[in-house]
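I open these notebook entries to record what I looked up in one structure. The entries go from the whole chain to single residues.

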Amino acid sequence: MNFFSRQIFKEPLFQFLIIGLVLLGGERLINSEDYGEEQYSIFIDNQILAQFMQRQAKSFKPEDALKTIQGLTYSERQRLIESYVQGEVLYREALALNLERDDQIIRRRLIQKMDYLAQGFYDEKPPLTEADLLAYYDSSREDYKRVATATFTHVFVGSGKDISWEQGKIRALKLLKDLNVDQVPFENSGLYGERFLYNRNYVNRDDDEIASHFGPDFRQEIFAFSPSSPPGPLRWQGPLRSNYGWHLVLMTKKTPMYVPEFQDVSSVVLADAQRQQQREIKRLAIDNLISKYKIIDKAEPK
């Protein structure tokens with residue numbers, strides 16, 4: 001034994017540590033049966049069984065679950081206990097074998113739980129005021145925009161393979177005159193023209209759908225038309241060119257794009273603002289957790 005070893009053994013702190021370890025080891029040895037008994041004991045009460053039953057049923061109603069537990073017969077309770085004990089034993093043995101390590105499924109589940117817990121701080125926040133909601137609405141007005149819609153019917157005159165675009169337009173202009181002279185109503189448009197690939201009548205259809213059926217140029221031009229409806233004379237308009245040919249249009253209703261007033265969408269704004277607040281609270285909570293850690297990138301070039 002060298003000089004430094006002898007000096008360490010003479011230190012009071014080292015001697016105290018050795019004595020403590022001897023006493024702890026002796027106590028564990030003497031009471032080994034108690035420690036073993038505690039390690040291999042599974043405690044069960046109504047509360048534990050109620051929680052277990054709720055997880056199994058994926059229905060979380062604590063009061064109903066407790067009433068159900070209290071109303072079980074002896075055999076029913078024993079079967080429930082056996083099921084709980086089996087799962088608990090397998091869980092503990094898996095932990096004893098460190099099976100949770102390097103398991104991506106468990107890792108994802110734990111991340112999900114922490115992510116959920118990070119939202120718990122939301123209940124500590126005071127309710128959003130009307131001023132908060134107005135501020136949120138003003139900053140997000142575009143999210144509540146109502147798209148333009150139109151109600152119209154059309155008569156289609158094809159062009160392309162069998163007939164040129166100019167010839168098709170000439171036919172459409174002649175038919176337009178007949179439609180206006182005869183004052184052909186909305187419901188009789190199907191008696192004229194050719195069959196169209198999509199619909200004949202469009203009721204309260206938004207501008208995106210109209211563009212997808214007829215093309216963006218058609219959408220832009222049709223929303224420049226004025227609606228025509230009784231008691232005034234019916235006014236067929238066009239022809240408008242689409243990707244398929246020419247169209248004569250009888251529009252009866254048009255609603256331009258608009259942003260509704262706050263009062264009209266206040267309930268939606270409240271829900272959206274609450275979700276936004278929850279996301280922000282969770283983000284701050286997670287950022288606070290991350291701030292406790294030092295990131296060391298060993299692959300980072302020096």
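The entries below follow the order in which I consulted the model.

**Entry 1. Confidence**

I note at the outset that this is a predicted model. I looked up the mean pLDDT of the chain and found 82. I also recorded that 82% of its residues reach 70 or more. I then asked over which residues pLDDT stays under 50. The stretch is residues 32-36, and the model has two contacts beyond four places in sequence for it. Where pLDDT is low, the predicted coordinates should not be read in detail. I therefore take no detail from residues 32-36, where pLDDT stays under 50.

**Entry 2. The chain as a whole**

I looked up the secondary structure and found twelve helices and four strands. The chain has 302 residues, of which 25% count as buried. For the surface, I recorded that the chain exposes about 22,300 Å². Carbon and sulfur atoms supply 55% of that area. I next considered contacts between residues at least 6 apart in sequence, and of these 70% join residues at least 24 apart.

**Entry 3. Strand E1 and its partners**

I asked how many of the ten residues of E1 are buried. The count is ten of ten, and E1 is accordingly listed as mostly covered. I then looked up the two faces of the strand. On one side, Thr-149, Thr-151, Thr-153, Val-155 and Val-157 are buried. On the other, Ala-150, Phe-152, His-154, Phe-156 and Gly-158 are buried as well, and both faces are thus covered.

I went on to the pairing of E1. Ten bridges join E1 to E4, and these two strands run antiparallel. Within this pairing, I noted that the partner of Thr-153 is Leu-250 in E4. E1 also runs antiparallel to E2, with four bridges joining them. Here Ala-150 has Arg-205 in E2 as its bridge partner.

**Entry 4. The hairpin of E3 and E4**

I looked up how E3 and E4 are connected, and found a hairpin with three residues between the strands. E3 and E4 pair in the antiparallel sense over three bridges. In this pairing, Gln-237 stands opposite Val-249 in E4.

I also checked the backbone of E3. Pro-239 is found in this strand. The peptide bond from Gly-238 to Pro-239 is cis, with omega near 0°.

**Entry 5. Helix H9**

I asked whether the length of H9 is as expected or not, and why. The helix has 17 residues, 165-181, which at 1.5 Å a residue should span 24 Å. Its end C-alpha atoms are 25 Å apart, which agrees with that expectation.

I then asked which residues of H9 are buried. They are Gly-168, Ala-172, Leu-175, Leu-176 and Leu-179. These residues lie on the same side of H9, because they cover an arc of only 115° around the axis. On the other side of the helix, Glu-166, Ile-170, Lys-174, Lys-177 and Val-181 are exposed.

I looked up what the buried residues of H9 pack against, and recorded strands E1 (149-158), E3 (237-241) and E4 (245-255). E1 and E4, two of these strands, are the ones joined by ten bridges.

**Entry 6. Positive phi**

I examined two residues other than glycine that have a positive phi. The first entry is Gln-183, with phi near 50°. This residue follows H9 and is found in the loop between H9 and strand E2 (201-206). Gln-183 counts as partly exposed because its relative accessibility is 30%, between the limits of 20% for buried and 50% for exposed.

The other entry is Asn-204, whose phi is also near 50°. Asn-204 is found in strand E2. Its relative accessible area is 41%, so Asn-204 is partly exposed.

**Entry 7. Asp-208**

I last looked up Asp-208 and placed it in helix H10, residues 207-214. With a relative accessible area of 49%, Asp-208 is partly exposed; the cut-off for exposed is over 50%. I also asked how many residues apart Asp-208 and Ala-148 are in sequence. They are 60 residues apart in sequence and 8.7 Å apart in space, C-alpha to C-alpha.

Note on methods:
Residues numbered from 1 in each chain as written. Predicted model: local features only at pLDDT ≥ 70, side-chain atom pairs only at ≥ 80, totals over all residues. Heavy atoms only, no water. Expected span 1.5 Å × (residues − 1). Buried < 20%, exposed > 50% of the residue type's maximum accessible area, 1.4 Å probe, protein only. Arc of directions from axis to C-beta. Contact = heavy atoms within 4.5 Å. Areas by Shrake-Rupley, 256 points an atom, 1.4 Å probe, with all protein chains shown as cover. pLDDT = per-residue confidence, 0-100. Pairing = 2+ DSSP bridges.
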